[in-house]
Amino acid sequence: MTHPAPRLDFIREKVAADHASGRFGRAIMTRFPPEPNGFPHIGHAKSICLNFGIAREFGGTVNLRFDDTNPTTEDIRYVEAIKHDIEWLGFRWDRELYASDYFEQLFEIAVGLVERGKAYVDSETEAEIREHRGTVTTPGTPSRHRDRSVAENLDLLERMKRGEFPDGAHVLRAKIDLAHPNMIMRDPVLYRIRHAHHYRRGDAWCLYPLYDFAHGLSDAIEGITHSLCTLEFKDNREIYDWLVREAGFAAPPEQTEFARLELDFTVVSKRKLLRLVNDGHVAGWDDPRMPTLSGIRRRGVTAEAVRAFAEGVGVARSPARTEWAAWEHAVRDDLNMRVPRVLCVVNPLKVVLTNYPAGQVEQLEAPYYPHDVPKTGSRLVPFSGELYIDRDDFMEDPPKKFFRLAPGREVRLRYGYFITCDEVIKNGSGEVVELRCRYDPATRGGNAPDGRKVQGTIHWVSAAHALDCELRLYDRLFTVADPDSLPDGQDFLSVLNPNSLEVVPGAKVEPSVGNDPAGSRYQFERVGYFVSDPLDSRPNVLVFNRTVGLRDSWQKEKTRSS
RNA sequence: UGGCCCCUCGUCCAACGGCAGGACAUCAGACUUUGGAUCUGAGAAUGGUGGUUCGAAUCCACCGGGGCCAACCA
């Protein structure tokens, strides 16, 4: 029995070739290198799946390395969140490492560079350095300190490390080429002085390496074989290669770039996500509208769905955004096979069954799963002469294709009886407040002995038995597909969706869910997938988050005809 | 504007000089005690112009479009 060869993406092809040829002389080793300055989001999930997946597939290992080189923006809180989210996603790392643990080794490499005339201490101001770097069309000009002697550079570097100078007094720069067409190569800054407390190294250092210096060298120190990153680091590869070569690493890691994951109607820039949190546009990093893994999780999405989505999007080199529908499909596809169906009425409309025996209550057996989901189980749902149905399921003057309840129409109550609407009761302002209906006792369970059919089946709850609950109906956070590219510098906050959260305080859910633990997932039949809020939902204060609505061809029909 | 990268159905990804395929989306139908799910079918693409070649989505050139780079961020 042979399996069709899985189609490899361009990165896996490369890894497979290197693995087969033994190019590195060591096992495949990848790494996931987050900076602990924010919560991981759906874009990180793609990178995590790639790096951890490749290590697993090729019998290699994967390092979780925090690129913690900027103490002023980083926090231990974020490293905990990152670790938690990776585990939640279903991956585990072989080694937990920190770039800050390499500070001593990195510094020795810097000293070596200085000794060989490949780096120098620059004492120009930040503004001067920027100005002297030139522009993309004009070459830069050398700093007046560029030709300091090795001895002077060494002395200065050592004193920088000892803390003799204030922030910004000096930096260490690589000595490459101020006229280089790649701006990254115009004598990049390697170290800056920061008298700041590091959450890991305390006050041991006041000299911190920059990304370009720390990242590639950290990869090389660890023996990484394949260093995978996103497209915007393409230009940085040149300094990466320059540094590992200068540092003398044999069989150094190879950097390969791929397009990051971007999703319609959301943003994945940590800067923007931080702003949403800090400015209070969302309730926090784990707000269910956020594309963070913690937000997605609280929204009710499973790790399996996130992985399926990340894998489904693919790995390529062309910058791309994925449609929202692809995301919703991954979420529904997973939940469909996983969660029990229960009944919940969003906007209750009272229905009185005029011919139902007064005071009678029946317990109707209702399966948790439909015929096409291979799971079993059922519960009893109370039925009585006073019910609630959803307001959307009744129209006084229905259009032709409306299959639900209307005056004189008969519908099936899911798992219950056929009912026919006889009378519509309105209040003083003409608003429908109650329906008087007749039920057919012969249709118990939902089938008519005489074989007659009904067009529609609607959900319902027994008024006396239903539990009150709050529904949080989440929708996309932005009103436009690409909040990252707005006309003439318009701020992304201006396209926030004001209706991204609708709180429905008075919904009615069947009593069977009353004691389920917080975090339980359901499909509310004909409405959508919901999860009881892990933080706010309690037995007598039920709160449900809408993970995603059901596909709705009636909605489609309505918009088509209007 | 200098350098680099990218461009295949509406969207995302394949096809690696030899029949342009899959997924999502869309449309039509079947089935249905969820207007859900499932099943069947359909429509839908190689940015443009030249060149190389028996043969080009694939190689080359130019044009067009998009992206990244001028933090002591990553």
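Mentor: Before we count anything, take Ala, Val, Leu, Ile, Met, Phe, Trp, Tyr, Cys and Pro as nonpolar, Asp, Glu, Lys and Arg as charged, and the others, Gly among them, as polar. Keep in mind also that this is a predicted model.

Trainee: With those classes in hand, how do the residues of the surface near RNA strand B divide?

Mentor: A residue belongs to that surface if one of its heavy atoms lies within 4 Å of the strand. Here the surface near RNA strand B consists of 22 nonpolar, 18 polar and 28 charged residues. Of the 68 residues around the strand, those that come nearest are Arg7, Glu13, Asp372, Gly445 and Gln523. Seen from the RNA side, sugar and phosphate make up 62% of the atoms of RNA strand B that come within 4 Å of the protein.

Trainee: Which helices and strands each supply at least two residues of that surface?

Mentor: They are helix H5 (126–132), strand E6 (189–193), strand E11 (320–322), helix H12 (324–336) and helix H13 (553–561). For individual atoms, look at three residues in turn. A polar side-chain atom of glutamine 523 lies 2.5 Å from a base nitrogen of RNA strand B, and a base nitrogen of the strand also has a backbone N or O atom of glutamate 124 at 3.2 Å. Arginine 130, by contrast, places a polar side-chain atom 3.3 Å from a phosphate oxygen of the RNA.

Trainee: Glutamine 523 interests me; which residue is its bridge partner?

Mentor: The general idea is that strands of a sheet pair through backbone hydrogen bonds, either parallel or antiparallel. In this structure, glutamine 523 of E25 is the bridge partner of arginine 341, and E12 and strand E25 (residues 521–524) run parallel, joined by 2 bridges. These two strands belong to an open sheet of 7 strands with mixed pairing, ordered E12-E25-E26-E27-E23-E24-E13. Its edges are strand E12 (341–342) and strand E13 (344–345), each of which pairs on one side only.

Trainee: How should I read a single strand, for example E8, and which way do its side chains point?

Mentor: In a regular strand the side chains alternate between the two faces of the sheet. In E8, His226, Leu228 and Thr230 point one way while Ser227 and Cys229 point the other way, and all are buried. Because 5 of the 5 residues of strand E8 (residues 226–230) are buried, the strand is largely enclosed by the rest of the structure. E8 pairs in the parallel sense with strand E9 (residues 254–258) over 5 bridges, and in E9 threonine 256 is the bridge partner of leucine 228. The chain gets from E8 to E9 through helix H8 (residues 237–246), in a β-α-β crossover that is right-handed.

Trainee: Where is alanine 251, and what is notable about its phi?

Mentor: Most residues other than glycine have a negative phi, and most peptide bonds are trans. Alanine 251, in the loop between H8 and E9, has a positive phi near 45°, and with a relative accessible area of 32% this alanine is partly exposed. A second case is arginine 526, whose phi is positive at about 70° although it is not a glycine. Arginine 526 is in the loop between E25 and strand E26 (528–532), and is partly exposed with a relative accessible area of 35%.

Trainee: For a helix, what span should I expect, taking helix H2 (residues 42–57) as the case?

Mentor: At 1.5 Å a residue, the 16 residues of H2 should span 22 Å, and the end C-alpha atoms are 22 Å apart, which agrees. H2 is mostly covered, with 14 of its 16 residues buried, and is followed by glycine 59, which has a positive phi near 65°.

Trainee: Is histidine 459, which is in a loop, buried or exposed?

Mentor: Buried means under 20% relative accessible area, and histidine 459 is buried because its value is 3%. The loop in question lies between strand E21 (457–458) and strand E22 (460–462). The side chain of histidine 459 makes a polar contact of 2.8 Å with the side chain of aspartate 390, and reaches the backbone oxygen of cysteine 344 at 3.5 Å. For an opposite case, turn to arginine 92, in the loop between helix H3 (76–89) and strand E3 (95–98), which counts as exposed at 69% relative accessibility.

Conventions. Residues are numbered from 1 along each chain as its sequence is written. Chains are lettered from A and ligands numbered from 1 in the order in which they are written. This is a predicted model: local features need pLDDT of at least 70, side-chain atom pairs count only at pLDDT 80 or more; totals for chains, interfaces and linings use all residues. Side-chain values use heavy atoms; hydrogens and water are left out. A polar contact is a pair of N or O atoms within 3.5 Å; within protein, one must be able to donate a hydrogen and the other to accept it, and residues adjacent in sequence count only if both atoms are side-chain atoms. Helices (H or I, at least four residues) and strands (E, at least two) are DSSP runs, numbered from the N terminus. Buried means under 20% relative accessible area, exposed over 50%, partly exposed in between (1.4 Å probe, protein chains only). Two strands pair if DSSP finds at least two bridges between them. A crossover is right-handed if, with the strands pointing away from the viewer, the path from the first strand over the helix to the second runs clockwise. The expected span of a helix is 1.5 Å times one less than its number of residues.
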